[in-house]
Number of protein chains: 2
Amino acid sequence: MGMKLYDLAGAESNRRFSPFCWRIKLALAHKGLEVETIPWRFSDKPLIAQYKWERVPVLVDDNRGVVDSWTIANYLEDTYGDRPSLFGGGAGRALARFYNQWSDSVLHPAISRFVILDVFNHLDARDREYFRSSREARIGMTLEEYSAGRETRLAAFRQSLEPLRQTVSAQPFLGGETPLYPDYVVFGGFQWARAISPLVLLEAADPVNAWRERLLRAFDGLAIEAPGYW
Amino acid sequence: MGMKLYDLAGAESNRRFSPFCWRIKLALAHKGLEVETIPWRFSDKPLIAQYKWERVPVLVDDNRGVVDSWTIANYLEDTYGDRPSLFGGGAGRALARFYNQWSDSVLHPAISRFVILDVFNHLDARDREYFRSSREARIGMTLEEYSAGRETRLAAFRQSLEPLRQTVSAQPFLGGETPLYPDYVVFGGFQWARAISPLVLLEAADPVNAWRERLLRAFDGLAIEAPGYW
């Protein structure tokens, strides 16, 4: 039995926008593993309840459910050790964690403020009330208030990417000459934005954008062929 | 002939506060290499002019000068490959670069604003005019204006360390069970602050502080035995 991945989708079933799911889709491609992705909406929690989890990605490999993107990446590395390594060894695995936490606590909150209203507008109708009420409770204001004046924040956002910019100016990928899991982790944030929002977060000439383009085209264009705006 | 390291000092020759020099002193200890550190002040540029460089660290190994902390770390890794690895392999070396750039472009500017006046006050008299004029030209205000109200920025600074906090809550070091060069890079910023300023940047119970304490005590207390405030 092949692998299945529950993958967050909007009203259009092929609009897949979860940054965490993108990490895993690229990790699976890196390992050369085929997967059937199953479009999943926030209201589909019963579909994954058997895995004792309420979010995606959920990977089902031969009837075993694995949840949480970091756990899934480690599961893939350990289970498919004969395939290309996602971490490049023990040091690489340890050093990958900071990229994961930087993305979760710095990059994603910044991107969220640019795209959250676009996310809402792309959701399946049955997801909208849940999304609005849960997110507005978290951020303490309406989605519209949170997003207001987003263009004025673009310059500061781009400036905040300086460590990423300097790194991918010095080498093609965070992982060096070829990408590793940290590339997929950070790229996931940009792929989320691309999938859901017409707001172009990066200037065309930005080395961060050149790095993003390299990943968009990796694995026969897996990421660039997915529906997206830029 | 042994190794020598030109190491930034204050008016007191044993007050060594350069974050970049601390990276290298810990990297040398990691490699088990002995070094003679030579106190160097900003006005001592003629001492390193033969190496075509104006900043420290400058490492002199058997009459060969190596400049720039990242270059020195790579030189040590390549030249002393039989000693404990600073990067844990090729992937680790590539993944170390983002830590370097994050420290240089995010962590250090933030710390600078807390400690710059303390740096000034600890400098050798002949360094003060150079330091004040060069730094004030860069920041576009006086050192006093730049530092004003620093306590009000502490909470935001501590919050900005969340990726580091999450990482060292999940594993003892950025490098995993034992430290690697990225640990020394990030730690260098805190050791700079400790050496030069009584302002306590981290709460005692912060996991980042626990990680810092582990590094303070590494290599027989190399870092904690150096003059410092906290």
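Hi everyone, let's start at B:L76, which touches B:M3, B:A27, B:L28, B:K31, B:L33, B:L59 and B:L86, leaving aside residues up to four places away in sequence. Contact here means heavy atoms within 4.5 Å.

A quick word on the model: it is predicted, with local features needing pLDDT of at least 70 and side-chain atom pairs pLDDT 80 or more, while totals for chains, interfaces and linings use all residues. Residues are numbered from 1 along each chain as its sequence is written, chains are lettered from A in the order written, and side-chain values use heavy atoms, without hydrogens or water.

Back to B:L76. The largest nonpolar core has 152 residues, and A:L76, A:W211, B:L76 and B:W211 touch the most other members. Such a core joins buried Ala, Val, Leu, Ile, Met, Phe, Trp, Tyr and Cys through side-chain atoms within 4.5 Å, buried being under 20% relative accessible area with a 1.4 Å probe, protein chains only.

Now, how do the two chains relate? A turn of 180 degrees and a shift of 0.0 Å along the axis lay chain B on chain A with an RMSD of 0.0 Å, superposed by least squares on C-alpha atoms of residues with pLDDT of at least 70 in both. That is the relation of a two-fold axis. The same surface serves both copies, as 100% of the contact residues of chain B recur in chain A. Within chain B, B:G92 comes closest to the rotation axis, its C-alpha at 2.4 Å.

Thanks, everyone!

Terms used: Buried means under 20% relative accessible area, exposed over 50%, partly exposed in between (1.4 Å probe, protein chains only).
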